[in-house]
Amino acid sequence: MWVYVGKRMTECPVCVWRCVHGGEESDSSQTPADLCSPSVLLLLSERGRSRMSAPLSSSSGLEVLLSTLQSAGDVESTLNIINVLDELLSAGTDRRILYMIRKGGSEALLSALVNTGRSFTPNYSVLLPLLHLLVKVGHRDRRIGVKAEDAGAVLLTLSLLRHNISNPRRAAACLWVLQVFSSSVSTANLIGENHGLDVIYRLIPPYTSKHLHTIKAAITAFAALLSTKANVSAAVSKGYVSGLLQLYEDWFMTDCQHEATVICHALLRCLHQVSHSTAGRQAVFSQGGLRLLYQSTQTCALSKGGECLLEAAVQLMRKCLPKTPLPLTSDRSVYTFALPGGSHDTPEINMAPDESSEDEEDEEDEEPDSRDDDDDLETDLNKLRLRPDPDRPKELLVQYSQLCPELSHDFQDLDLSSESGDSSSSSDEELVLPAHSSRRDRRRSRDQSSAGSHSETDGQTPDFHSHRNFLSNSPSFRSIVKETREDAPPGDGGSDQEEEGAEDSAHSTMIDRLLERHGACIPHHDPRLYLSAASKTRSIPGFSILAFPDFWGHLPPTGHEAMAPRGPHIQRLKVFQDIRRFLNTDDIINQVVFDLEDSSVPCPSDSLRFYSKFESGNLRKAVQVRRNEYDLILNADTNCSQHTQWFYFEVSNMQPVVPYRFNVINCEKTNSQFNYGMQPVLYSVRAALEGRPQWVRTGDDVCYYRNHFCSSRGRRTSTFYTLTFTVTFKHHEDVCYIAYHYPYTYSTLKAHLKQLQRCVDPSSVFFRQQVLCETLKGNSCPLVTITACPSSRSWRDLHQLRNRPCIVLTARVHPGESNASWVMKGSLEFLCSSDPVAQSLREAFIFKIIPMLNPDGVINGMSRCDLIGEDLNRQWCKPDPSLCPTIYHTKGFLYYLNSIGRTPQVFCDYHGHSRKKNVFLYGCSVKETLWQSGSAVDTVGLKEDPGYRTIPKTLDRIAPAFSFNSCNYLVEKSRSSTARVVVWREIGVLRSYTMESTYNGCDQGIHKGLQTGSRELQEMGMKFCQSLLSVTKDSRALYNKKLIHHIDLDDNVLDHKSHNCFEDDEPPCVEEIEFSADCPPLHGDDLDSDVDRNMAGAEEDEEEDFLFPNRTRQSSTCNGTASGQILS
Ligand SMILES: [Zn+2]
């Protein structure tokens, strides 16, 4: 065999490596020149000559080398083999080393180490290169620790270290080997149990400029040992944490020139390791580590290494901040609701999912992993194609016939065109369906609901907050009112201003006057209608206060609102402030200034005042941390202890021009668009009264990061994130509202529908508002029908009307997604408008719209769920009629349409997406799902109507905010109970979609770089309707085609195409949101180069140097006279 190798070698040098490799692998990146190093050739031929008789006929060259290494007795052969191996391995990529590991390389090196190291006077000329090689191979071998234990090499190496602590080169080599061995927990513990920690710790001196290599090797070995709990607790109990901190301080402070950055960094890495355990974190904190690290960060010059140390120190401090429970008595929502028929007061529905929901982003609108997570794709063809049986008997569907009034309407008034108003657009909503639970049940449950102390608001007229509670207590609003009155013409009722006794009448007069002076300037909004709608809205706490913006109305601001630029290191600056809460408590106030559960909480005169007990309001608690800084805690969704995202609150008593920092400290999502240019929205009452009734994007220094808070008790998921932003109010004595996104309440919807009903032209628009069902809390869930009145009562026209296909649109199943309501508002207004495209759509379709699937959630300021504490968009498979009435009846209505042969042509459920930009659709396609999953199912014979792509394609052309490339049509198992999937599969709607709208803005198209406002959201609602023209099968297709053309011209976006935004998730945030990650690595710091430098080291061992000329030079050159000399 060796002859064979030798022969081939002379013919073709490439074959040498192939032979050494055993012929299995070829490394295509290597040129023959790389492989024909003379030392290899020489050795092989030499070994071949002397060992030709070895019984290795079936083994590869490498195996021969390894087996020779294990059995070799003489120094010279061992050295030669080590040389060859080192040369082979250092010339190639990691693949060579991994190959060698598979062939038993680690075991061979370990047994050579044991053989050589065991002798009474070990030969270091062999041992040192052997150790070096072992480091290089070992740290790529995941099982090296176990193998070392089996070979008995662990304690041997430790003992070699003990004998060589005065020899820096040898010590370094031993330390690296121990570091590599410590990758296994049992090995690290074995070293720890045998006093390895103490031996190594003694090798870390205070600042010195000598032997930095060995010192660094000692610290990194120490860090590696600290990867186990046992070693950390040993280190803690021996006081090494405080020692490490002192060493860090000494090195950091003395090393002004940043020459020993690697040492400081290695020390920080030890502390990072320590802080993986609770005991370690506590030790760092109690030993004054926080203060020390904080001071070091403040003096850290931003030099090359300084920045890296700074980041490592900041991460370490964040990790070691003591866990602080949220200042709550319970994580559970302040609002609870007794379930119909349930006996328990506080259902524990959501306690179990706590655990699972920790990592799971289980949202229809949050599908970050849907492209990667192919396991989630439904690949069962039966589930994809076959419709399951209906979830209820057919008899139950008849009731829904009343929801199609247009089919039975006789349009008699078409002949009396002047008086047609009342019948084609019904004057009031009608309750059509008997709700499934009896009224008595519902009333009882209403009474049981936790609002014990709250009174129902039925029949009362609510105020906006400025009345009583606020108007009488706060000088601010009064003065606004005063001012506005001072402007009034003389004699215009200014006399009742000061009459305290006549508060009620003054109040109603005040509203009237406000409206006279300022109101009624907002299209489709009438404050009085809002007032009347709100008086019928039923909430859990029994709201009696209106938020001013909802009452008064909102106009989109005139200019564009660009995404907020993010300042450099803004998160770090905020984190520093957070850390100072523990270090410098002089300016810490920590006083609760608002508590939703306790209205008696006193509010100091110089503190901001908060309030949130109004429709859609969400703020549970406000704590004044420092003079101008407040921690805000959100209320969890009713009946559970999770889903904190949405917020909406009032704030007053501010000083102008003072920056106030707000921290929402119990956010749950792991990232947020607040890290990518998004800002919260603010509404100023004063500005509104001055003629700018606007929600505007506000807030500087916005960022979102993991914080040190944990749940108030017992909850296992207790990772929270801080959303922080700074607001500088413009006006003195103002009342402002701050929200996650443009609020849109249930009362707003009711008032809006009434307004639309008043505005439509009843001779051409058939507009009917009905009640689909009542919610658990007794609010009506509206269903709106919009279509065109027939042009005459002729059979032909009525027949055309009754054969128009249906389009079903729904929204706001997730209450925190108020953007969906603004999109829906755009759709509704457009469909009711006199626009020729709208007219054409009405003539082509019957629109069935359920604009708010979850009124109770919206009213009570929830983010995700319904009163039962469950996500309603996960209930579609088998909705419970008494627990999820809106879903149950929506699905029933769709079944009904199906049963009378009127399956909707399009279904779309509007949502909001908190982690992506743009607007996009999710649809359903069997083929795309199977392709994406890589399923073996043959899709060639599978027929699928590609029509599901028509609408997204059209939207891509006509809607500037829309991104075609963000759409997908995959059916995931985890989404099998969402509206989109169930309506597609069970009702058989080919075009069944979820439309996701961003809370932030667009990264493409003409809105690129801008935050979306309510105007853009409404525009999207309009564009969605326009896109429906593309799916009409109306005989007047030509006319419609023209209309689509007309749309293009109309909007100047003829050539709009979404740019390539294939990566639709955001890139990693510029700053580290989490802090549980390991110590950030030091650039250009790796074990191999340390080892190489040690091998090249010429400091101590003169004799060895004589025998071993510079190895680095040797392996990097092909002209190997040096190695030739050694071997000859
Ligand atoms: Zn949603």
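Is Phe285 buried, partly exposed or exposed? Select Phe285 in your viewer and colour by accessibility: with a relative accessible area of 32%, Phe285 is partly exposed. Keep in mind along the way that this is a predicted model.

**Stop 1: aromatic pairs**

Searching the whole structure turns up 40 aromatic pairs. Let's visit two of them. Keep Phe285 selected and add Phe582: the ring centres are 6.2 Å apart and the planes stand at 85°, so this pair is edge-to-face. Now show the cartoon around both residues. Phe285 belongs to helix α19 (residues 278–286) and Phe582 to helix α32 (residues 570–583), so that the pair, 297 residues apart, links distant parts of the chain. Like its partner, Phe582 is partly exposed, here with a relative accessible area of 25%.

Next, select Phe551 and Trp552. Their ring centres lie 6.1 Å apart with the planes at 40°, and the pair is therefore tilted. Both residues count as buried: Phe551 has a relative accessible area of 1%, and Trp552 has 3%.

**Stop 2: arginines over tyrosine rings**

Bring up Arg170 together with Tyr124. The charged end of Arg170 sits over the Tyr124 ring, 3.8 Å from the ring centre. Then move to Arg392 and Tyr888, where the arginine lies over the face of the tyrosine at 3.9 Å from the ring centre.

**Stop 3: the zinc ion**

Which protein atoms are the donors of the zinc ion? Select the ion with His814, Glu817 and His911: the donors are ND1 of His814, OE of Glu817 listed twice, and ND1 of His911, at 2.1 to 2.3 Å from the zinc ion. If you draw the angles among the 4 donor atoms, you will find values of 58 to 149°, and the site is irregular. Along the sequence, the donor residues follow the spacing H-x2-E-x93-H. The two histidines bring together distant parts of the chain: His814 is in the loop between β19 (806–811) and α36 (818–831), while His911 is in strand β21 (residues 906–913), 97 residues apart. Both His814 and His911 are buried.

Stay with strand β21 and pick His913, which is also found there. His913 is buried, with a relative accessible area of 1%. A polar atom of the His913 side chain lies 3.2 Å from the backbone nitrogen of Arg915.

**Stop 4: the two sides of helix α35**

Select residues 795–802, which make up helix α35, and look down the axis. Asp797, Leu798 and Leu801 are the buried residues of this helix. They span an arc of only 95° around the axis, which means they are on the same side of α35. Turn to the other side of α35 and you will see Trp795 and Arg796, which are exposed.

**Stop 5: two positive phi values**

Most residues other than glycine have a negative phi. With that in mind, where does Ser616 lie? Look in the loop between β6 (609–611) and β7 (621–626). Ser616 has a positive phi of about 65°, though it is not a glycine. This serine is buried, with a relative accessible area of 2%.

For the last selection, go to His643, in the loop between β8 (629–633) and β9 (648–652). The phi of His643 is also positive, near 70°. His643 is partly exposed, with a relative accessible area of 23%.

Key:
Residues are numbered from 1 along each chain as its sequence is written. This is a predicted model: local features need pLDDT of at least 70, side-chain atom pairs count only at pLDDT 80 or more; totals for chains, interfaces and linings use all residues. Side-chain values use heavy atoms; hydrogens and water are left out. Rings of Phe, Tyr and Trp (its six-membered ring) pair if their centres lie within 6.5 Å; planes under 30 degrees apart count as stacked, over 60 as edge-to-face and the rest as tilted. Helices (H or I, at least four residues) and strands (E, at least two) are DSSP runs, numbered from the N terminus. Buried means under 20% relative accessible area, exposed over 50%, partly exposed in between (1.4 Å probe, protein chains only). A charge sits over a ring if NZ of Lys or CZ of Arg is within 6 Å of the ring centre and within 35 degrees of the ring normal. Donors are N, O and S atoms within 2.8 Å of the metal (3.2 Å for Na, K and Ca); water is not among the atoms, so sites may look incomplete. Four donors count as tetrahedral if all angles lie between 85 and 135 degrees; four count as square planar and six as octahedral if opposite donors are over 155 degrees apart and all others between 65 and 115; anything else is irregular. A polar contact is a pair of N or O atoms within 3.5 Å; within protein, one must be able to donate a hydrogen and the other to accept it, and residues adjacent in sequence count only if both atoms are side-chain atoms. The arc is that of the directions from the helix axis to the C-beta atoms.
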